[in-house]
Amino acid sequence: MPHRLLLPRGGGLLLPPLRRRSPASSPPLRSVAPHALHRNFFFSRIRAFSGNHGMAAVSPEQQQRRSVEVSETVELTEKEERIFRRLLDVVRHFDLGTQLRVAGGWVRDKLLGKDSADIDIALDNMTGRNFCEKVNEYSELIGEEQKGIGVIQCNPDQSKHLETARMLIFDIWIDFVNLRSEKYAENSRIPTMEIGTAKEDAYRRDLTINSLFFNINNKSVEDLTGRGIDDLKKGLIVTPLPAKATFLDDPLRVLRAIRFAARFDFTLAEDLKEAASDEKVKSELGSKISRERIGHEIDLMMLDKRPVKAMCYIRDLGLFYVVFAFPDKSDPPVFDKCDWHCVSYIEAAWNLAYLTGCSVFSGGSDPKLQDEQRRLCLYSALFIPLRNIFYLDKKSKEVPVTSYIIRDSLKLKGSDAETVVNIHAASEKFAELVLLSESDVDMGTLKEKLEDEYLEIPTDLVKRVFAGLLLREIKDFWRVALLISILSYPEAENVGDILSQQDELHRRKEKYIRAERSITDLDLDGVWKLKPLLDGKTIMGVMQVKGGPLIGKWQQRLVKWQLAHPRGTADECIEWMKQSQSKRQKVESSA
């Protein structure tokens, strides 16, 4: 019978995980069905993260009452049955004598009643590359196309101790690796890798809940540490061997432990937290693990159900400045408790997004865009306190510290850094727009800024032109920038006040909704797709010039004119330009 237990309330809003992003070097994984984020789903959450800033210890009495529904058996899909039959056919045909085991996360997820596309096969008597070659040899014998074999080399210096082979089997990427046993030379921290037993391999895994095997040969679940299933039922994140030794073997395991604790709303064991906070472990994480691997783990946290809880763990375990490494010098210097401010802002953004019904992530019918909006919203919120801090790069160019962290500390895409920096810049302009919308501020100054001697904008359309230009800059991320603006302005003396005072959070929610509605009422959503009524050639003909920077300036004026005249036609636009041309000639002749 399955074991059932209610997880304690808390740990952030329960959101659907976004699709897992595999490292750039890996072949694509099977896509997971997209989840649109919408109001109804938000209201099915566990509860908001507000007020739960720290990592409260769970008492033994509370822990005993915890229980997670865990199945006794693994239910295979039709595709999985087909894949495993093929692998067993290979073993039998060549008389390999190999015990085939699915390892780690796939077994864990299956026992939790979840589907998983990550099938990792552990082999007890040969390498993954050799087995993949046998699979191809068998495919050729039965008249099927051979598949390419990808090999990820071991790299002990980066704590990547095993060579992994990967190939497509029935359109699913499967990883193959041999069971491992490690032996250390007397004066070396780098182990010598040998093919080991399943039990030896299980104890070398990062966590007990990831040390389970599904034996394909006899269709049984193997818990060779003796506590993997029990810890799964209790909702505990524990290492099979002493935590500090496990983390020093591969310091990235610290972040993996945090990610799984946040994903499943499980509890980190006390000795694991102590080891994660150890100075030597933190030093090894910062120096031994590639920034790409660190960035990938952080991205997976952001894409998962409880990113706020993950960030709180990173902060409270003293890992924030290791993970989000800052440049050596910044202006102004990084302030005290910066990590607390950053995590408080991502928490506030998370809660505010829930309160707005998640209209922030409205990528239309494009689930990938919704994913990106949510992911980059979280990064933008996390780095709100850093938006006005800069450093000088090698060319003495002033660069936002946020850009450095995303590009260099996490090694994410350059476009991610650019978008987050643009969101921060747009949020400042949105603050001005919100002020214009909610007060009787004189439009004169803004009107003068938008106009010139050839373009006049009616006062009642100044806001539309300003907002339209802003949306054309930030495009699909305008709602994200608006949310970041509402969080940032007016600036709270203590961001914790936004989290602890529900009235303040609701006030900001109402402000967001009013601002969003005012923009949509102006029919500006999608304005970045607005095509110019006139192309460059037509403008040159009207203005009687052959090109040059003058045309670019007129193209900018044309956009403003179209924003101020949403129903204007090409003929009306040409007439305006002719009048402007006449005016320009008069100005030049009188000069």
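**Exercise 1. Find the residue in β5 that stands opposite Ala 165, and build up the strand pairing around it.**

Ala 165 stands opposite Phe 176 in β5, where strands are DSSP runs of E with at least two residues, helices are runs of H or I with at least four residues, and both are numbered from the N terminus. The model is predicted, with local features needing pLDDT of at least 70 and side-chain atom pairs counting only at pLDDT 80 or more, while totals for chains, interfaces and linings use all residues. Residues are numbered from 1 along each chain as its sequence is written, and side-chain values use heavy atoms, with hydrogens and water left out.

The next step is the strand pair itself: β4 (residues 164-169) and β5 (residues 172-178) are antiparallel partners joined over five bridges, pairing being assigned if DSSP finds at least two bridges between two strands. Another position in this pair is Arg 166, whose bridge partner in β5 is Asp 175. The two strands form a hairpin with two residues between them, and Phe 170 in the turn has a positive phi of about 50°.

On the other pairing, β3 and β4 are also antiparallel, over three bridges, and Val 151 stands opposite Ala 165 in β4.

**Exercise 2. Place these strands in their sheet, and explain why one side of β3 and of β9 is left without a neighbour.**

The sheet is open, with seven strands in the order β3-β4-β5-β2-β1-β8-β9 and mixed pairing. Because β3 (150-152) and β9 (220-222) stand at the edges with a single partner strand each, one side of each is left without a neighbour in the sheet. Neighbouring strands are turned by 30° against each other on average, direction ignored, with axes fitted as lines to C-alpha atoms, for helices over the stretch in contact, and angles running from 0 to 180 degrees between N-to-C directions.

**Exercise 3. State which strands helices α3 and α5 touch or lie across, and how many residues of β4 are buried.**

Helix α3 (residues 78-93) lies across β1 (100-103), β2 (119-123), β4, β5 and β8 (213-215), running at about 20° to β2. Helix α5 (residues 128-141) packs on the sheet and touches β1, β2, β3, β4 and β5, contact meaning heavy atoms within 4.5 Å; the direction of α5 makes about 25° with that of β4.

As for cover, five of the six residues of β4 are buried, that is, under 20% relative accessible area, against over 50% for exposed and in between for partly exposed (1.4 Å probe, protein chains only). Over the protein chain, buried residues make up 52% of the 591 residues.
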